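Dear colleague,

I am handing over the structure below, together with some notes on what was found in it. Please read them with the model open beside you.

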Amino acid sequence: SLEWFHGNDGYVDNTVPSLAMIYKNGRVQILRHDNDRQPVLIDTGMETICGKWNTYGTILAIAGSRTTTLTDGTQKKSQMVQFYDPFGAHLRTLKAPGSTLNAITWEGGSLRLALAVDSHIYFANLRPDYDWGYFGNTMVYAFNKPERVDNCVCFWDTVTDERHIKYVRKLQ
């Protein structure tokens with residue numbers, strides 16, 4: 001399948017790859033543009049069905065199946081969705097019930113994923129990992145706003161309930 005992040009809500013960064021070519025054999029190429037000479041290469045290790053970018057272009061969900069041989073020699077086919085960032089880092093794997101995963105799609109806020117499995121529709125609630133820390137009475141956490149390319153860092157005083165927000169580019 002071919003999945004190109006539309007960028008309607010902006011890009012996290014102008015250098016982020018956004019064109020995903022997903023092959024049935026489990027190989028994926030993510031390109032920055034049509035003439036990209038250094039695409040991101042991924043081997044999912046599964047037979048893929050399709051892939052979808054989330055609303056912000058920060059996560060690529062790839063649906064597929066993997067066949068494993070059990071100790072008694074029988075084979076078991078597992079349905080799953082693997083999540084990757086635009087640079088090819090594997091984030092998570094979600095196993096799906098049933099025998100045939102047909103399609104996936106993101107909900108508008110990118111916190112839920114719908115999976116068409118056999119004759120059923122399943123909904124998966126996703127919780128993103130936030131960078132955070134706590135010291136004294138202050139909790140500090142970082143997240144991305146879709147309308148900004150930099151990271152939002154919030155300083156929250158848990159006693160006074162005051163919040164202060166700073167924006168940081170390329171937070172590591």
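Please keep in mind that this is a predicted model. A starting point for looking around it is a single residue: in which loop does T100 lie? T100 is found in the loop that runs between strand β8, residues 90-96, and strand β9, residues 101-106.

As for the surroundings of T100, its relative accessibility is 38%, and because buried is kept for values under 20% and exposed for values over 50%, T100 counts as partly exposed. When its neighbours within four places in sequence are left aside, T100 is in contact with Q79, A116, V117 and D118. M80 is 20 residues from T100 in sequence, and the C-alpha atoms of these two residues are 9.9 Å apart in space.

The two strands that flank this loop belong to sheets that can be described in turn. Strand β8 is part of an open sheet of four strands, which has the order β5-β6-β7-β8 and antiparallel pairing. The edge strands of this sheet are β5, residues 47-53, and β8, each of which pairs on one side only, and from one strand to the next the twist averages 25°. Within the sheet, β6, residues 60-69, and β7, residues 75-84, pair in the antiparallel sense over 10 bridges, and one of the residue pairs that you can look up there is L60 with its bridge partner Y84 in β7.

Strand β9, on the other side of the loop, is part of an open sheet of three strands in the order β9-β10-β11, again with antiparallel pairing. Here β9 and β11, residues 120-125, stand at the edges with a single partner strand each, so one side of each is left without a neighbour in the sheet. The twist in this sheet averages 20° from one strand to the next.

Strand β10, residues 112-117, runs antiparallel to β11 and is joined to it by six bridges; in β11, A124 is the bridge partner of L113, while H120 is the bridge partner of V117. The two strands form a hairpin with two residues between them, and D118, which sits in the turn, has a positive phi of about 50°. This leads back to the residue with which these notes began, since V117 and D118 are both among the contacts of T100.

With best regards

Methods. Residues are numbered from 1 along each chain as its sequence is written. This is a predicted model: local features need pLDDT of at least 70, side-chain atom pairs count only at pLDDT 80 or more; totals for chains, interfaces and linings use all residues. Side-chain values use heavy atoms; hydrogens and water are left out. Buried means under 20% relative accessible area, exposed over 50%, partly exposed in between (1.4 Å probe, protein chains only). Contact means heavy atoms within 4.5 Å. Two strands pair if DSSP finds at least two bridges between them. Axes are lines fitted to C-alpha atoms, for helices over the stretch in contact, and angles run from 0 to 180 degrees between N-to-C directions.
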